[in-house]
Amino acid sequence: MKKSITLKELSKILGVSISTISKALNDSPEISHDTKTKVKELAALHKYQPNVLARNLKSGTTKTIAVVLPTVQNNFFTEVLLGIETEIEKTDYNIIISITNESFKKESKSVNNLSNGIVDGFIISTSEETQIEEDFNHLTSAIDNNKPIVMFDRVIKTIECDKVLEDNREAVYKATKYLLESGKKHIAISSTINNITVGKSRTNGYKKALEEFGITVNEADIVTGSQESIKNEVSKYLINNKPDAFIGLDEDGTLSALKAVKEKNYKIPEEVAVIGYANQNIAPHLTPELTTIDQNGIEIGKTIVRLLINRLKNPTKPFEKVVLPSILCKRLSS
């Protein structure tokens, strides 16, 4: 591969200083129009590419932000990433994306490696293993190394940083209340995220609504499992139980409940209503059209970027916690 031409080589060809070449390429008013033209034409001829990293390191910043996600299989994180990219385009920052696949080891390694002068800050949603392990040294070390963090969705309460959350508890509380007010009396939930804060918060919203309506919470109605097992768990639950509604607390839990209920030949929503989290582009095309809780992922992504850019500009300002509302999109399954 041909080596890119350097500023020093350009300066030798034109017989001017490296400083003049640099200023000309950056449209400095100190350099004449003719010199700028000659420098830019020569740079284009030799396909000169500036060393952005070296330039940013010289100024004490990399102009790069790390986005650390637990997965992209969940549509919510894809939407958040779209929001991040939309907002980052308005700035002079770039992003590096790391997918941890729910691994504490990979998350820790990524954060530690990227903290070493490669990025200016982090956008993070922690992995399931990190929350189970309760080992946050890689996160606190990054902050101690003057690498600010904005956490979203799966946040750690004990770490002081800017945070963006959905109203998880309130969203499922409202969904449960909506079903109860429509006449449903035996509501079950299905979840593959019961080990993380988000899942626990959503479950609490479900319990709160039942208690307000004087319904005793039956732990057997809280159906949990892994992404691979949740469909079987819901099917097993339906053998001995006849709920009149299901709320999925995540995409896998929702779609598994919908499929299991249909396989039992229950009429939806007359016999069993279904509400949950799912891709907003797909939900209207399911049969029946699926009532969903929209997490507003794109707006969350935009908000995260704005918070981190403000933090980088004002390191000592008070930390912010932003809670964005979810929206119940009512369709034919409820």
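Begin by selecting Lys23, which touches Ser28, Glu30 and Ile31 when residues up to four places away in sequence are not counted. The model you have open is a predicted one, and in it Lys23 has its place in helix α2. With a relative accessibility of 29%, Lys23 counts as partly exposed. If you add Lys63 to the selection, you will find it 40 residues from Lys23 in sequence and 20 Å away in space, C-alpha to C-alpha.

Next, go to the loop between α1 (7-14) and α2 (18-25), where Val16 is found. Show Ile13 and Leu14 together with Val16, since these residues form a nonpolar patch on the surface, with about 210 Å² of accessible area together. Val16 itself counts as partly exposed, at 30% relative accessibility.

Now select Ile99, which lies in strand β2 (residues 94-99). Leaving out residues up to four places away in sequence, Ile99 touches Leu69, Pro70, Thr71, Val72 and Lys106. Ile99 is partly exposed, with a relative accessible area of 22%.

From there, move to strand β4 (residues 149-152), and show its side chains. In a regular strand the side chains alternate between the two faces of the sheet. Here Ile149 and Met151 point one way, Val150 and Phe152 point the other way, and all are buried. Strand β3 (residues 121-124) runs parallel to β4 and is joined to it by three bridges, with Ile124 standing opposite Met151. Three bridges also join β4 to strand β5 (residues 162-166), again in parallel, and in this pairing Val150 stands opposite Asp162.

Keep Asp162 selected and add Arg311, because the side chains of these residues meet in a salt bridge, with 2.9 Å from N to O. Arg311 lies in helix α13 (residues 297-313) and Asp162 in strand β5, so the pair ties together parts that are 149 residues apart in sequence. Are these partners buried or exposed? Arg311 is buried, with a relative accessible area of 4%, and Asp162 is buried as well, with a value of 0%.

The next stop is an open sheet of six strands, which you can follow in the order β7-β6-β8-β9-β10-β12 and in which the pairing is mixed. Its edge strands are β7 (222-224) and β12 (327-329), each of which pairs on one side only. Neighbouring strands of this sheet are turned by 20 degrees against each other on average, direction ignored. Helix α9 (residues 168-181) packs on the sheet and touches β6, β8 (245-248), β9 (273-276), β10 (291-294) and β12, while its direction makes about 170 degrees with that of β8. At one side of the sheet, strand β6 (residues 187-191) runs parallel to β7 and is joined to it by three bridges, and Ser190 stands opposite Val223 in β7.

Finally, look for further salt bridges, of which a search of the whole structure finds 13. One of them joins Glu219 and Lys207, whose closest N and O atoms are 3.5 Å apart. Glu219 is in the loop between α10 (197-212) and β7, whereas Lys207 is in helix α10, twelve residues apart. Another salt bridge is formed by Glu233 and Lys236, also with the closest N and O atoms 3.5 Å apart. Because Glu233 and Lys236 are three residues apart in helix α11 (residues 230-240), about one helical turn separates them. To end the tour, select Glu87, Lys90, Glu299 and Arg306, which salt bridges with shared partners join into one network.

How values were computed. Residues are numbered from 1 along each chain as its sequence is written. This is a predicted model: local features need pLDDT of at least 70, side-chain atom pairs count only at pLDDT 80 or more; totals for chains, interfaces and linings use all residues. Side-chain values use heavy atoms; hydrogens and water are left out. Patches are made of residues with over 30% relative accessible area and no salt bridge: like charges are joined within 9 Å, nonpolar side chains (Val, Leu, Ile, Met, Phe, Trp, Tyr) within 5 Å. Accessible areas come from the Shrake-Rupley method with a 1.4 Å probe; for residues, only the protein chains shown count as cover. A salt bridge is a side-chain nitrogen of Lys or Arg within 4 Å of a carboxyl oxygen of Asp or Glu. Helices (H or I, at least four residues) and strands (E, at least two) are DSSP runs, numbered from the N terminus. Buried means under 20% relative accessible area, exposed over 50%, partly exposed in between (1.4 Å probe, protein chains only). Two strands pair if DSSP finds at least two bridges between them. Axes are lines fitted to C-alpha atoms, for helices over the stretch in contact, and angles run from 0 to 180 degrees between N-to-C directions. Contact means heavy atoms within 4.5 Å.
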